[in-house]
Amino acid sequence: MRDEFIERLTRMAEADPRIVLITGDLGFGVLDDFRERFPKQFINAGVAEQSMTGLATGLALEGHVVFTYSIANFVFMRCLEQIRNDAAYHDCNVNVVSIGGGFSYGALGISHHATEDLAIMRSLPGLTVVAPGDKWEAAEATEALATQPGTSFLRLDKSAAENTQQPGEQFELGKIRQLREGDDCTLVATGGILGEALAAAEELKSKGCHCRVLSVHTLKPLDVEVLVRAARETGGLLTIEEHTVEGGLGSAVAENLMEAGVMPRHFQRIGLRNTFSSVVGSQQYLRSQYGMDRAAIVAAVEAMPSTKVAIAA
Amino acid sequence: MNTQELARKIRIDAVHMTSRGGSSHVGAILSMADIVAVLYGSVMNIDPADPRKADRDRFLLSKGHAGAGVYAALAEVGFFPVENLRTHYQDGSKLSGHVSHKGIPGVEFSTGSLGHGLPVGTGMAYSAKLRGAGHRVFVLLGDGECDEGSNWESILFAAHHQLDNLVAIVDFNKIQSLASVSETLALEPFADKWRSFGWHVEEVDGHDHAKLRERLETSAPGKPTCVLAHTTKGKGVSFMEDSVLWHYRSPQGEELAAALQELKEVA
C-alpha cells in the first residue's frame, strides 16, 4: 500500500504545488523519487514528530495540503496533542499517514505494533479515519483525503487483499464496499486483514455457507446504512480488525447498530483483547497467534448458531 | 494610540477580565503586556479592517494562558469592540481562558497546552519562504514553557532551514508555575543555548518600548531570531510583581481597586 500511496501522491504533487510531504526521517528508498522531483514539496522534519505535526499545521494554515509520514505509532501517538489541538481544532488539511498498520512490523516488537491507532484517532472530532483493505483503496483514499478539507488519518498496511475494484467502480470516502454477496453471515473488515476475510469467505462457500463481505475502508464517518442492512438481512455480523477490539471497528459497528435499534442475530468482534503482543513473528504469524487469520475467521463463523444450519444444509 | 498607552490599557483590561472571570494568570499577562503592545501597536504589519490580509505579519501566543492580554490588545487596536472583553471567561463566550481563534478576528492560532506555538510558527515561516512572501512570524513563549521538548525540536528545525523570517520572543520573567525557573529546571545559560542551536539572539529589557521595538525589527540574514525579553512577572502592580501567587490568584475587592489605582496612575 505504501508504494501505491507514494505513487499517487507523486502524481498529485505534480499537478498541485500546494501538496507537501513531511517525513519524520523514515521512508528509506521509498521517498527518493518524490524528494528529487519536488524538493520544494518535501521536508524531512528529522526524528521529531511533534515539530513535524506543528510544522504541518503551520503550512496547512497557509494553504498547503500536507501529508505527514512515518511508521506505525510514531506518526500519531507522541504528537497526538498536535494532531488534536493544532491540526484538527484548526480544521487543517493535514493528512497523517501511518505506514504499517497492525502487525505489519510484527517481528520488531510492540513499539512498532499499531494496534490502538484506529480507536484513538476515531475519538478525535472531525477526523476522517481510513484503513484501506487493498492497494486500489489505498491509492484512491490518498487522493480523496487531499481533496476534502480537514484532518485525516490514513493507516496503510503491509498486507493487502487482492485488488477488489469492480470494473468502472469509483471510490468514495465513507461508503462501505460490498465485495461478496451472501445472507448466511457478514464479515465486516477494515484494513489489509480484509484479505483474510475474503479467503475465509471463499473457504466457507465451499462448505455451503455464503458470507457477505464488507470492506470498511472508512471507519469514520461510518456508513451505518450498509451495516444496518447487513444486520437485518444476514445471520450475524463478525467484525475483523488487526487492532484492539476496544474502540475500533467492532466498537464502532456495535455502537451504531445499537443506536439504530438493530440487533444482529449474532455479533462477534475479532481482534486483540487487552493484549500487548510480546510474541515475535511476522504479520501472518501474529494473526494466527491472536486468532484473526483466515482459519480463525472460518472457525468463528462455523461456531455461529445461525450459520451452523447453513453449513449443515 | 502610542504603545505605552496601549500597554496600560491591556493591563487594565486584563485586571478587569481576570477579576470578572475569577480567572488565573494575571501575572503572566502583565509580564508580557509591553511586548504585545509594541508588536500590535508598532512593529507588526496588521490591519483590523482586514484581519486575514495575505501580507500581514503573523503572531502566535504560545503561552496561551495569557490569552486575555491578546484579546485586550486586539480589541484596543480595533479588531473587535472593547465591550466584548466583558464576556471573557463567561458562560457562552467565545473568549476562553486560553487563547482561541474561533470567531475571534485577529487570533492567528489557538493554544493552551505549552510547546505548540513555535512548531506551528515554524511551519508558517517555512511556507512564507517557499512562496517568497515577505511577512514575518512572531511567536511569544513563556520561559517555563521552554521546558517543553517540542520547542527544541523546532529550534533545531528553524535554524537548519535558515528561517530568518521567524522571531521567537521569550517572556523571560524567571518565574514558572510553582516556583522560580532556576529552582525548577534551570535554563541558564539561556541565550547561549539558543546561540548554540544556530539562532541570532537579542537580549532586551522587556518593558522598554524603544528597545523592544528596535530589537523586534532586527533580523539576521539566514538565522531565526530569539528575543530574550527580560521581564518582571506581574509588572505594573507592585504587590503582584515577582510573585508566584499571582500566576493563579484573581484580583478581587481591595486588591482589584489597588491594582487599578496603580495602573491608572501611570502617566
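Helix 1 of chain A passes helix 6 of chain A in a right-handed crossing. In this predicted model, the two axes come within 8 Å and cross at roughly 35°. Such a pair is easy to picture, since two packed helices are described by the angle between their axes and the distance between the axes. Helix 1 of chain A covers residues 2–15, and helix 6 of chain A runs over 135–147. From helix 1 of chain A, the residues E4(A), F5(A), E7(A), R8(A), L9(A) and M12(A) take part in the contact. Facing them from helix 6 of chain A are K135(A), A138(A), A139(A), T142(A), E143(A) and A146(A). Sorted by class, the residues of this helix pair comprise six nonpolar, five charged and one polar.

A step back shows the chain around this pair. Chain A holds 12 helices and 12 strands, and its C-alpha trace extends over about 65 × 40 × 35 Å along the principal axes. The radius of gyration of chain A is 19 Å, which agrees with the value near 20 Å for a compact globule of 313 residues.

The domain assignment divides chain A into domain 1, residues 2–156, and domain 2, residues 177–312. Taken over C-alpha atoms, the centres of these two domains of chain A are 27 Å apart. Where they meet, 24 residues of domain 1 of chain A are in contact with 30 residues of domain 2 of chain A. On the domain 1 side, helix 5 (117–122), strand 5 (128–130) and helix 6 of chain A are the elements that give two or more residues. Helix 6 of chain A thus appears again: this helix meets helix 1 of chain A and also contributes to the side of domain 1 that touches domain 2. That side of domain 1 of chain A is made up of 11 nonpolar, eight polar and five charged residues.

The next contact joins the two chains. Chain A brings 21 residues to the contact and chain B brings 17 residues. On the side of chain A that touches chain B, helix 3 (49–61) and helix 4 (80–88) of chain A each supply at least two residues. Helix 3 of chain A gives the most, with nine residues. The class count for this side of chain A is 10 polar, seven nonpolar and four charged residues.

Some details of the backbone are also worth a look. In chain A, the peptide bond from K220(A) to P221(A) is cis, with omega near 0°. P221(A) sits in the loop between strand 10 (218–220) and helix 8 (224–233) of chain A. Chain B has a cis peptide bond too, joining E188(B) and P189(B) with omega of about -5°. Here the proline, P189(B), belongs to the loop between helix 6 (181–184) and helix 7 (190–196) of chain B. Back in chain A, D91(A) has a positive phi of about 50°, although this residue is not a glycine. The loop that holds D91(A) connects helix 4 with strand 4 (94–99) of chain A.

Finally, the confidence scores accompany this picture. The model scores ipTM 0.96 and pTM 0.96. For chain B, pLDDT averages 96, and 100% of the residues score at least 70. As a general guide to reading such scores, predicted coordinates should not be read in detail where pLDDT is low.

Conventions. Residues are numbered from 1 along each chain as its sequence is written. Chains are lettered from A and ligands numbered from 1 in the order in which they are written. This is a predicted model: local features need pLDDT of at least 70, side-chain atom pairs count only at pLDDT 80 or more; totals for chains, interfaces and linings use all residues. pLDDT is the predictor's confidence in each residue, from 0 to 100. Two residues are in contact if their C-beta atoms, placed from the backbone, lie within 7 Å. Helices (H or I, at least four residues) and strands (E, at least two) are DSSP runs, numbered from the N terminus. Ala, Val, Leu, Ile, Met, Phe, Trp, Tyr, Cys and Pro count as nonpolar, Asp, Glu, Lys and Arg as charged, and the others, Gly among them, as polar. Domain bounds come from an automatic or database domain assignment. Axes are lines fitted to C-alpha atoms, for helices over the stretch in contact, and angles run from 0 to 180 degrees between N-to-C directions. A crossing is left-handed if the near helix is turned anticlockwise from the far one by less than a right angle, and right-handed if clockwise. The radius of gyration is taken over C-alpha atoms; the globule rule is 2.2 Å times the number of residues to the power 0.38.
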